[in-house]
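Biologist: Please choose one part of this model and look at it closely. Then take me outward from there, step by step.

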Amino acid sequence: MIKRLFAFLVLAITALTAAAADKVYISDFSIKAGETKLIAVNFESDRTDLKRLEGTLTMPAGLTVMNQGSGGSALWMTADETRTNGAIAQCNTVTGAVAVVGFGSTFNAGTGAIAYIKVSASTSLAESSTITLSGFTAKTSDGATVNLTSQNCSVTREAGQGGGDDPTPGSDDLSFSYSPATLTMTAGEVRQVEVQMVNGMTATGLQADLVASTGVTIQSVTKSSRMTGWNYNETTGRVFALGAISGNEGTVFTVSLKADEDFSGTATLKATNLAVTDAGANSYQAEEIVLPITVQSQKNVALTFSSETVSLDPGESTTVDVTLSSEVDLTGFMGTLTLPTGITATMTKGAIINSDPTYNTTTGVVIYLGGMTAKEGVLFTLTLTADDSFTADGELTFKNISTTTAGALSIVPADITLPVNVKTIAEVVDKTELNNTITDADTYYESIKDDYADIAATLLDAINAAKGVQADDAATQQAVDDEVNTLKAALQTAKDAVNGILTSIKSVQSKGNSQWHDLDGRKLPSKPTQKGVYVKDGQKVHVK
């Protein structure tokens, strides 16, 4: 039974009637029973104002259109990128309608394929049959219809049997693989994966459907130098290329993948419906390939200063390191350095980077993208210099920091801050007077400690306090002077107390009475009988 298929839409910008050269045709071809081929629907026109092409194909019994897309009654063909500037081609097995619809621009003038359709022959295909093309028209952007000439296609059934549906002829000579074969990513990271092809035949076309699982997203697909004509549909994930593919092995295209920011776990990238065609329009299919992907949660990155604080005087310089501790390999960093008033800085590379960072002394922006040799170590060293305007404490900060990985992942560590203080010059403290006063007080203490114990004890407390200040290297001049005055007052008080006792005793003696007193000046009723030192008529007397 003859199947009708093919509704062909192609967008155009201006045109009203077709010239004699405006023609749609399929070149005659031969095919074996059980074989599949990719055949070109050609459009010959000098016009540049057409945007839509449609018509009907009638297939002979035993020749059917194979599904190149996601299924359903509307089967996808593939538009030729060089003629259509990004069109969609479609055929329908029920109605026999074929369409090529261009989006955004008109078809390019010229001769050659505007779309491709894959057909399969069965044993019921006659030795000689015809694909009939009828009712083909084109439309302009304003909706005007242009009638086109069509030319039928003769199909010859070759003797012998093709490879059938499984395996496809020559498929042993075709294989695809990923490089790398497995992938580990960090959440938010972007990585590139190459799709490589080994082909035993001379390939003139390629097809693949890319499917990324939950957790990863396809960012872009780019062709390699092996490829010529090229098209990638972001909506369907279809990669399609027509034109010679150079060589017999190597990368055919590269997929850029991004791991979702909030995802961790396993994911996959599948390439299905893998097929190529050769110069004889033979189709070769390959098994799908699956890339296992592990997505890890984001890693920690921290920067620190090598010192907790630095102190400088005007004209003085010092160095401080900025060090890295990272759980992931990094390729670069950037941030903004702010300095206290009166401080300038120069920067040199640290041990784990390959060249000096770029440091803008006006804006404070620091940038480095030259790769790193380790996850931990010194990123860069700052030489800080204070000028005469550095008169107040301040802070050195490295802020707005971001780091990058080989997968273009940006990890933002916390800002870091370093106090930068004005150095306090040690005060020269003169303790000469304190030393002399302590000596005087010690001497007097020794002279009264036996006879005037209470007075001596009070003086000793003052002496010990003064000696504490004497031994304190951090004591200020003011503290020393205060202690001198305090000890002098205590010494004078002790002397006054002793002199007061002696004066009281002499006063009693001057009255002509022989009197006995203890050393505290208390009058005794008579000569003491207890051993000790007493005062008799103003003179010390030892009673034994």
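Modeller: Start with Phe380 and Phe398: both are buried (under 20% relative accessible area, with over 50% exposed and anything between partly exposed; 1.4 Å probe, protein chains only). Bear in mind that this is a predicted model, where local features need pLDDT of at least 70 and side-chain atom pairs pLDDT 80 or more, while totals for chains, interfaces and linings use all residues. Residues are numbered from 1 along each chain as its sequence is written, and side-chain values use heavy atoms, leaving out hydrogens and water.

The two rings have company. Ring pairs join Phe333, Tyr368, Phe380 and Phe398 into a cluster. Two rings of Phe, Tyr or Trp (its six-membered ring) pair when their centres lie within 6.5 Å; planes under 30 degrees apart are stacked, over 60 edge-to-face, and the rest tilted. That rule gives five aromatic pairs. One is Trp230 with Phe253, a tilted pair at 5.8 Å between centres and 50° between planes. Trp230 sits in the loop between strand E21 (216-223) and E22, Phe253 in strand E24 (residues 249-259), so this contact links distant parts of the chain, 23 residues apart. Strands here are DSSP runs of at least two residues, numbered from the N terminus. Trp230 is buried at 17% relative accessible area. Phe253 is buried too, at 0%.

Back to the starting rings. Phe380 and Phe398 have centres 5.6 Å apart and planes at 85°, so they meet edge-to-face. Phe380 belongs to strand E35 (residues 376-386) and Phe398 to strand E36 (residues 394-404), so the contact ties together parts 18 residues apart in sequence.

Each strand leads somewhere. E36 also holds Asn400. The phi of Asn400 is positive, near 50°, in a residue other than glycine. Most residues other than glycine have a negative phi, and most peptide bonds are trans. Asn400 is exposed, at 54% relative accessible area.

E35 leads into a sheet. Four strands make an open sheet in the order E28-E30-E35-E32, with antiparallel pairing. Two strands pair if DSSP finds at least two bridges between them. The edges are strand E28 (301-305) and strand E32 (343-349), each paired on one side only. E28 runs antiparallel to strand E30 (residues 317-326), joined by five bridges. One of the contacts matches Ala302 with Ser325 in E30.

Now a part earlier in the sequence. Asn273, in strand E25, is another non-glycine residue with positive phi, about 50°. Asn273 is partly exposed, at 41% relative accessibility. E25 (265-278) gives two or more residues to the lining of the largest cavity, as do strand E20 (203-212) and strand E23 (238-242). A cavity is a set of points on a 1 Å grid over the protein atoms alone where a 1.4 Å probe fits but cannot get out, and lining residues have an atom within 4 Å of a point. A search of the whole structure finds two cavities of 30 Å³ or more. The largest holds about 70 Å³, a volume taken as the space filled by probe spheres set on the points. Its lining counts 13 residues, and Leu38, Gln207, Phe240, Ala275 and Thr277 come closest to the centre.

E23 deserves a closer look. Five of its five residues are buried, so the rest of the structure largely encloses this strand. Arg238, Phe240 and Leu242 cover one face, Val239 and Ala241 the other. E20 runs antiparallel to E23 through five bridges, and Gln207 has Phe240 as its bridge partner. Strand E22 (residues 231-232) also runs antiparallel to E23, with two bridges. There, Asn231 stands opposite Phe240. E22 and E23 form a hairpin with five residues between them, and Gly237 in the turn has a positive phi of about 80°.

One last backbone detail. The peptide bond from Ser179 to Pro180 is cis, with omega near 5°. Pro180 lies in the loop between strand E17 (174-179) and strand E18 (183-186).

How values were computed. On a 1 Å grid over the protein atoms alone, a cavity is a set of points where a 1.4 Å probe fits but cannot get out, and a pocket is an open set with protein on both sides within 12 Å along at least five of seven lines; lining residues have an atom within 4 Å of a point.
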